[in-house]
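Visitor: I'm new to reading protein models, and I'd love a friendly tour of this one. Could you put it up so we can go through it together?

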Amino acid sequence: MLGRLNHVAIAVPDIAAATATYRDTLGAEVSQAVPQPDHGVTTVFIILPNTKIELLEPYGENSPIARFLERNPDGGIHHICYEVDDIIAARDKLLADGARVLGSGEPKIGAHGKPVLFLHPKDFCGTLVELEQA
């Protein structure tokens, strides 16, 4: 079911400072910050040869990463994202196998303009998993 690793997401309290660290200290190629109001975050992507790192900063007062940053004020790894060929087929198989899909269970359009779903971390070794249509 799983395709390639699309990205590892890191929640940060200050996306400009985090972007500068990756760009200036590590010499990484970085995207512009893009607000994602439907997901309650602002994103920046760090472009690597084999994958991406996604920096997440809360956007709006109901951001889903605000509680994560309350528990981890310096930030930290928030989720990992895998590509799947067919997100609906993947969702249906996961649900049939007893996994929990967060939210309504219907895919939303993610930061790359493709459908995404999130899976409950208690079902995946304590890790929040995002699936993205390849």
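Visitor: Leaving aside neighbours within four places in sequence, which residues is G76 in contact with?
Guide: This is a predicted model, so we are reading contacts from computed positions. G76 itself lies in strand β6. Setting aside its neighbours within four places in sequence, look around G76 and you will find A9, I10, A11 and F68.

Visitor: Is G76 buried, partly exposed or exposed?
Guide: Buried means under 20% relative accessible area, and exposed means over 50%. The relative accessible area of G76 is 21%. That value falls between the two cut-offs, so G76 is partly exposed.

Visitor: And S63, is that residue buried or exposed?
Guide: Find S63 in the loop between β5 and α2. Not counting residues up to four places away in sequence, S63 touches G40, V41 and P58. Its relative accessibility is 7%, and the cut-off for buried is under 20%, so S63 counts as buried.

Visitor: Which element gives the largest share of the largest nonpolar core?
Guide: In soluble globular proteins, nonpolar side chains tend to be buried together. Here the largest nonpolar core has 21 residues, and V12, I46, I53, L55, L119 and L131 touch the most other members. Elements that each supply at least two residues include β1, α1, β4 and β5. The largest share, three residues, comes from α3.

Visitor: How many residues are in the second, separate core?
Guide: Among its members are A9, A11, L56 and I65. You have met A9 and A11 already, as contacts of G76. This second core has seven residues.

Visitor: Which residues does L119 touch, not counting those up to four places away in sequence?
Guide: L119 is one of the core residues that touch the most other members. Not counting residues up to four places away in sequence, L119 touches L94, R100, V101, L102, F124, L128, V129 and L131.

Visitor: Which residues lie nearest the centre of the largest pocket?
Guide: Rolling a probe the size of a water molecule over the atoms shows where empty space is left. About 820 Å³ of space lies in the largest pocket. Elements giving two or more residues to its lining include α2, β6 and β8. Of the 34 lining residues, those nearest the centre are P64, H78, L102, F118 and L128.

Visitor: How many residues of that lining are charged?
Guide: The lining of the largest pocket can be divided by residue type. Nonpolar residues number 13, and polar residues number 13. The charged residues number eight.

Technical notes. Residues are numbered from 1 along each chain as its sequence is written. This is a predicted model: local features need pLDDT of at least 70, side-chain atom pairs count only at pLDDT 80 or more; totals for chains, interfaces and linings use all residues. Side-chain values use heavy atoms; hydrogens and water are left out. On a 1 Å grid over the protein atoms alone, a cavity is a set of points where a 1.4 Å probe fits but cannot get out, and a pocket is an open set with protein on both sides within 12 Å along at least five of seven lines; lining residues have an atom within 4 Å of a point. Grid points are joined across faces, edges and corners, and a volume is the space filled by probe spheres set on the points. Helices (H or I, at least four residues) and strands (E, at least two) are DSSP runs, numbered from the N terminus. Ala, Val, Leu, Ile, Met, Phe, Trp, Tyr, Cys and Pro count as nonpolar, Asp, Glu, Lys and Arg as charged, and the others, Gly among them, as polar. A nonpolar core is a set of buried Ala, Val, Leu, Ile, Met, Phe, Trp, Tyr and Cys residues joined through side-chain atoms within 4.5 Å. Buried means under 20% relative accessible area, exposed over 50%, partly exposed in between (1.4 Å probe, protein chains only). Contact means heavy atoms within 4.5 Å.
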